[in-house]
Amino acid sequence: MNDRDAALVEKHIEKTDANAGKAISIIFLGSIFAIVSVSSAIVIIHRDIIERRRYQKALKENIHFMQTLIDAIPAPIFYKNTEGKYLGCNRAFEECVGLTKEEIIGKTVYDVAPKEFAGIYHEKDEELFKTKNIQVYETTFKYHDGSIHNVMVHKSPFARINGTVEGLVGVMTDITQIRKNGRRAS
């Protein structure tokens, strides 16, 4: 017998467990393969996938909760991968740049920020990935309505469990009023 003789069949079934009185999810995996003395045979393995479904539901709820939390923060927040592509943001960032999250994700700073500022932001990102240190710097940011704001930017790298830098997260604090009043940002 070789791998070409086998075919994998998968079937998902939702069934009510009469003893427990609740719905259960079962996945049937079967292989059909040739045997020398018999024309064909079926091997069926079944596995209860209730725990996997619970895990998937909990994961989905956790992702929704985290996005709700991030959206509740009034300061613009964004996060990017090491290639400089946006992975996500909060509503405040959407409002600043005048684009929806769907329009931002997968784009680079050159697609999202005005050209006269994009190069500066990109250089800072590259510096962060080289040093892997937290950045705090003051810059100007042009909002989608054309107004120029003084902002304090805090950026930090984030990593995988194994320590490999995966990307960066940034938070912008509008300090325009502080600058107008002549005070330094702290």
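The predicted model holds one cavity of 30 Å³ or more. Its volume comes to about 110 Å³. The lining is made up of 14 residues, and the ones lying nearest the centre are F78, Y86, Y121, F141 and M172. Sorted by class, the lining turns out to hold 11 nonpolar residues, one polar residue and two charged ones. Three strands each put at least two residues into this lining, namely strand 4 (77–81), strand 6 (135–142) and strand 7 (148–159). Rolling a probe the size of a water molecule over the atoms is what shows where such empty space is left.

Now for the framework around the cavity. The chain has six helices and eight strands, and from the N terminus on they come in the order β-β-β-α-β-β-α-α-α-α-β-β-β-α. Of the 186 residues, 30% count as buried. As for sequence separation, take the contacts between residues at least 6 apart: 33% of these join residues at least 24 apart. The chain exposes about 12500 Å², with carbon and sulfur atoms supplying 56% of that area.

The strands that help line the cavity are also tied together by pairing. Strand 6 and strand 7 run antiparallel and share eight bridges, with T140 of strand 6 partnered by N150 in strand 7. These two strands form a hairpin with five residues between them, and G146 in that turn has a positive phi of about 95°. Strand 7 then goes on to pair with strand 8, again in the antiparallel sense, through nine bridges. One of the pairs here is A159 with V165, the latter in strand 8. This is another hairpin with five residues between its strands, and here it is G163 in the turn that has a positive phi of about 95°. Strand 8 (residues 165–174) is joined to strand 4 as well, by five bridges and with the two strands antiparallel. In that pairing, K80 stands opposite L168 of strand 8.

Strand 6 deserves a closer look. In a regular strand the side chains alternate between the two faces of the sheet. Strand 6 sticks to that pattern: Q135, Y137, T139 and F141 point to one face and are buried, whereas V136, E138, T140 and K142 point to the other face and are not buried. F141, on the buried face, is also among the residues nearest the cavity centre. T140, on the opposite face, is the residue that bridges to N150 in strand 7.

Just ahead of this strand, the loop between helix 5 (115–131) and strand 6 contains K132. Its phi is near 60°, a positive value in a residue other than glycine. K132 has a relative accessibility of 49%, so it counts as partly exposed; the cut-off for exposed is over 50%.

Helix 5 itself holds a charged residue, D125. At a relative accessible area of 3%, D125 is buried, because the limit for that label is under 20%. Leaving aside its neighbours within four places in sequence, D125 is in contact with K80, K155 and L168. Two of these names have already come up, as K80 and L168 are the residues that stand opposite each other in the pairing with strand 8.

How values were computed:
Residues are numbered from 1 along each chain as its sequence is written. This is a predicted model: local features need pLDDT of at least 70, side-chain atom pairs count only at pLDDT 80 or more; totals for chains, interfaces and linings use all residues. Side-chain values use heavy atoms; hydrogens and water are left out. Helices (H or I, at least four residues) and strands (E, at least two) are DSSP runs, numbered from the N terminus. Buried means under 20% relative accessible area, exposed over 50%, partly exposed in between (1.4 Å probe, protein chains only). Contact means heavy atoms within 4.5 Å. Accessible areas come from the Shrake-Rupley method with a 1.4 Å probe; for residues, only the protein chains shown count as cover. On a 1 Å grid over the protein atoms alone, a cavity is a set of points where a 1.4 Å probe fits but cannot get out, and a pocket is an open set with protein on both sides within 12 Å along at least five of seven lines; lining residues have an atom within 4 Å of a point. Grid points are joined across faces, edges and corners, and a volume is the space filled by probe spheres set on the points. Two strands pair if DSSP finds at least two bridges between them.
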